[in-house]
Amino acid sequence: MAAFGAIWDLDGTLVDTERNHYKAWRALLAEHGRDLDYETFRPTFGRRNDDVLTDHFGFDPSANSIADLSEQKEELFQASIEREGVRFLPGALDLVSHFSTMSVPQAIASSAPLGNIELILRVSGIASHFAVLVSSEEVKHGKPAPDIFLKAADHLELPAARCVVLEDSPAGVQGGQAAGCRVVAIEAAFPAAALSAADVVVDTFVDALWPEDRWLGFVIG
């Protein structure tokens, strides 16, 4: 068994896709005669599509169209990734490589559909670093519930208490803490004050390129 595992959020943590998601949501809502400004979009980042459509955008949760709307939005998003490529958050790729060098098994635990996860890892060329991919489609409750992190830890064959979650959103931080993981949050889409429940908040992941003994002490004591 590995000493500890690393569970990465994807959008806004590992890769900078915030604008891609915003443009996709805005285009989708425009088809329904609705506008979407950036400040209305921001609280939705990191949440499941069904929650965004119903809780934030006011679509009828009982409508059969929720799944179709979600699929349309992801088609728009995926087209932008294929067209524009992938941008990493500062230091994220360095930290992924650092964990691999330390033989730390890594997982993706994302609110994104599995197709998005696989596409981003393919386009970015980093799929080989991740032993486990978990999408919110595989769990009953999305973030801020702990379900997705618990499932990722289970697939890594580690107790959640021996995993570190890397996140960028308040919902993700809350979910990681509820799962019993240590949480490192990057200040990107949200300010440090909104991420204060994390064990550590960093400006960039360069700040988390710690030596192995420090990581061991942080995660397992």
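Helix H6 is followed by Gly125, whose phi is positive, near 75°. The model that contains this helix is predicted. It describes a protein with nine helices and six strands. The points below cover helix H6 and its surroundings, then the whole chain, a buried arginine and some backbone exceptions.

**Helix H6 and what covers it**

- Helix H6 takes in residues 114–124, and its buried residues are Asn116, Ile117, Leu119, Ile120, Leu121 and Ser124.
- An α-helix has 3.6 residues a turn, so residues three or four places apart point the same way.
- The cover over the buried residues of H6 includes two helices, H1 (18–30) and H4 (65–84), together with the strands S2 and S3.
- Asn116 is part of H6 and has a relative accessible area of 0%, so it counts as buried.
- A polar contact of 2.5 Å links the side chain of Asn116 to the side chain of Glu74.
- Beyond four places in sequence, Asn116 touches His21, Glu74, Phe77 and Gln78.

**Helix H1 at Ala24**

- Ala24 sits in helix H1.
- Its relative accessibility is 4%, under the 20% limit, and Ala24 is therefore classed as buried.
- Apart from neighbours within four places in sequence, Ala24 is in contact with Lys73, Leu76 and Phe77.
- Ala24 and Lys73 are 49 residues apart along the chain, yet 5.7 Å separates their C-alpha atoms.
- Phe77 is thus listed among the contacts of Ala24 and also among those of Asn116.

**The chain as a whole**

- A compact globule of 221 residues would have a radius of gyration near 17 Å, and the protein agrees because its own value is 17 Å.
- The C-alpha trace spans about 55 × 30 × 30 Å along the principal axes.
- Buried residues make up 51% of the 221 residues.
- Among contacts with a separation of 6 or more, 66% are between residues 24 or more positions apart.
- The protein exposes about 9,400 Å², and 49% of that area is supplied by carbon and sulfur atoms.
- There are 17 positive and 33 negative charges, and the mean positions of the two sets are 1 Å apart.

**Arg48, a buried charged residue**

- Arg48 is located in the loop that runs between helix H2 (38–41) and helix H3 (49–56).
- With a relative accessibility of 12%, Arg48 falls under the 20% limit and so counts as buried.
- A polar atom of the Arg48 side chain lies 3.3 Å from the backbone oxygen of Lys140.
- Leaving out residues up to four places away in sequence, Arg48 touches Ser111, Ser136, Val139, Lys140, His141 and Gly142.

**Backbone exceptions**

- Most residues other than glycine have a negative phi, and most peptide bonds are trans.
- The peptide bond that joins Lys143 and Pro144 is cis, with omega about 20°.
- Pro144 belongs to the loop between strand S3 (132–135) and helix H7 (147–155).
- Ser103 is not a glycine, but its phi is positive, near 60°.
- The loop between helix H5 (92–101) and strand S2 (106–110) holds Ser103.
- Ser103 counts as exposed because its relative accessibility, 61%, is over 50%.
- Glu157 likewise has a positive phi, about 60°, without being a glycine.
- Glu157 is placed in the loop between H7 and strand S4 (163–167).
- The relative accessible area of Glu157 is 63%, so this residue is exposed.
- Glu157 and Met1 are 156 residues apart in sequence, while their C-alpha atoms are 7.6 Å apart in space.

Notes. Residues are numbered from 1 along each chain as its sequence is written. This is a predicted model: local features need pLDDT of at least 70, side-chain atom pairs count only at pLDDT 80 or more; totals for chains, interfaces and linings use all residues. Side-chain values use heavy atoms; hydrogens and water are left out. Helices (H or I, at least four residues) and strands (E, at least two) are DSSP runs, numbered from the N terminus. The radius of gyration is taken over C-alpha atoms; the globule rule is 2.2 Å times the number of residues to the power 0.38. Buried means under 20% relative accessible area, exposed over 50%, partly exposed in between (1.4 Å probe, protein chains only). Contact means heavy atoms within 4.5 Å. Accessible areas come from the Shrake-Rupley method with a 1.4 Å probe; for residues, only the protein chains shown count as cover. Lys and Arg count as positive and Asp and Glu as negative; His and the chain ends are not counted. The place of a charge is taken as NZ of Lys, CZ of Arg, CG of Asp or CD of Glu. A polar contact is a pair of N or O atoms within 3.5 Å; within protein, one must be able to donate a hydrogen and the other to accept it, and residues adjacent in sequence count only if both atoms are side-chain atoms.
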